[in-house]
Amino acid sequence: MSEVLSFSESEARFLETYLPIEKKDASKLPFVTLTFATSLDSSLALAPGVRTQLSGAQSKAMTHYLRSRHDAILIGVGTAIADDPGLNCRIDGVGGYGSDGLDGQPRPIIIDPSARWTFNEQSRIFTFAKEGRGRAPYIFTTNSSPPAESVELLQKYGGKYIPLKVDPTDVEHRRLDWKALLERLWQEGHHSVMVEGGASIINSLLEPQNQALIDSVIITIAPRWLGQGGVVVSPKRRTDQSGAVIPASLLQQVRWHQLGEDVVLCGTISP
C-alpha cells in the first residue's frame, strides 16, 4: 500500500482562508485553487517530460491535504505522460486510507486535447481506482473518436471522456476555453478544483482573460535553483494602453508559511 500521510488541522490552520468556500453568486463556476511547487527560478521541472522532485515531506503532505479539500484535481496531458500520476489523496482517514468508500478522494481531471495519453490497467491512476483508493479520471478532449479501448477502460472504473471546447475567439491556436471547462465541471458536481500543472496549463490559466477565474493561489517554493532550460511558470508580458510594460499579475492577501525547508506562499489574485 502507498504511504499514508498525515497533516493535522493545527498544521493546516494557515491555509484555511485560502480553501474552497461555497460561492454565493450565480456564476455556476467551481472554486479554483492554483497550486504547484516551484524552484527559486520559477521552474517546475529540469526539462520537459523530466519528473523532478522539488518539495519536501511536509509540503507533500500539505498537497495531499489540499486534495482532500477539493472535489477535483486538474492537470495537463504532458504531466500525465511524464509522471504516470496517481492523482489521489493519501491523507489518513480519507477514503481508501483509513475509511470506507471514496469519501475525500478527488476526481482527477486530465486536459488532453488530442487524446494522446495512452493508459492501461497498470497505470497508477487505475491501480488506485481498482483498489478503492482513488477515482478514475475525466479526460477533456477535442478528439471526437478517442481509442475504443481507452473509452472502455475509463467507463469500467467510472471515468469518461468529455468534449473540450476551445476559445471561439482564438480557434486558430486552439486556446483552452477555461470558463466553459469550469462550467462543465460544475455541472458534473465538482464545486471546487485544484489546478496542479503542468506549466502550460498554469500559464494558460494565468493569461489576463482567465485570471479572474482563480480564487486562491498556494505555491510551494523549494530552496533550490534548477538552472536555465527548465520548465518555467511565467505569464505572458503585459502592456498598458500606452504600450508601457506592466506586471503580468499581482497577489494580495499574501501569507508566507515555512514547512520544513520549503516556504508556502498563499494569496489571491488582485483584480
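This is a short guided tour of a predicted model, with suggestions for what to select at each stop.

**Stop 1: the sheet**

Start by showing the strands. You should find an open sheet of nine strands with mixed pairing, in the order β6-β5-β4-β3-β7-β1-β8-β13-β12. Colour β6 (160-163) and β12 next: these are the edge strands, and each pairs on one side only. Neighbouring strands of the sheet are turned by 20° against each other on average, direction ignored. As a reminder, strands of a sheet pair through backbone hydrogen bonds, either parallel or antiparallel.

**Stop 2: strands β3 and β4**

Now select residues 72-76, which form strand β3, and residues 107-111, which form strand β4. In which sense do β3 and β4 pair? They pair in the parallel sense, over five bridges. Zoom in on Leu-74 and you will see Ile-109 of β4 standing opposite. Ile-75 has a bridge partner in β4 too, namely Ile-110.

Turn on the side chains of β3. In a regular strand the side chains alternate between the two faces of the sheet. Here, Ala-72, Leu-74 and Gly-76 point one way, while Ile-73 and Ile-75 point the other way. Is β3 enclosed or open to the outside? Five of the five residues of β3 are buried, so this strand is largely enclosed by the rest of the structure.

**Stop 3: helix α5**

Select residues 178-187 to bring up helix α5, which packs on the sheet. The strands touched by α5 are β1 (31-38), β3, β4, β5 (138-141), β6 and β7 (192-197). Compare directions as well: that of α5 makes about 150° with that of β5.

**Stop 4: Leu-164**

Move to the loop between β6 and α5 and pick Leu-164. Leu-164 has 10% relative accessibility, and buried means under 20%, so Leu-164 counts as buried. What does Leu-164 touch, leaving out residues up to four places away in sequence? The contacts are Ile-111, Pro-113, Phe-140, Thr-141, Thr-142, Leu-176 and Leu-181. For a sense of distance, select Thr-127 as well: Leu-164 and Thr-127 are 37 residues apart in sequence and 26 Å apart in space, C-alpha to C-alpha.

**Stop 5: a patch on the surface**

Finish by switching to a surface view and selecting Leu-251, Val-254 and Trp-256. Together, Leu-251, Val-254 and Trp-256 make a nonpolar surface patch of about 290 Å². Val-254 lies in strand β12 (residues 251-259), one of the edge strands from the beginning of the tour. With a relative accessible area of 41%, Val-254 is partly exposed.

Terms used:
Residues are numbered from 1 along each chain as its sequence is written. This is a predicted model: local features need pLDDT of at least 70, side-chain atom pairs count only at pLDDT 80 or more; totals for chains, interfaces and linings use all residues. Side-chain values use heavy atoms; hydrogens and water are left out. Patches are made of residues with over 30% relative accessible area and no salt bridge: like charges are joined within 9 Å, nonpolar side chains (Val, Leu, Ile, Met, Phe, Trp, Tyr) within 5 Å. Accessible areas come from the Shrake-Rupley method with a 1.4 Å probe; for residues, only the protein chains shown count as cover. A salt bridge is a side-chain nitrogen of Lys or Arg within 4 Å of a carboxyl oxygen of Asp or Glu. Helices (H or I, at least four residues) and strands (E, at least two) are DSSP runs, numbered from the N terminus. Buried means under 20% relative accessible area, exposed over 50%, partly exposed in between (1.4 Å probe, protein chains only). Two strands pair if DSSP finds at least two bridges between them. Axes are lines fitted to C-alpha atoms, for helices over the stretch in contact, and angles run from 0 to 180 degrees between N-to-C directions. Contact means heavy atoms within 4.5 Å.
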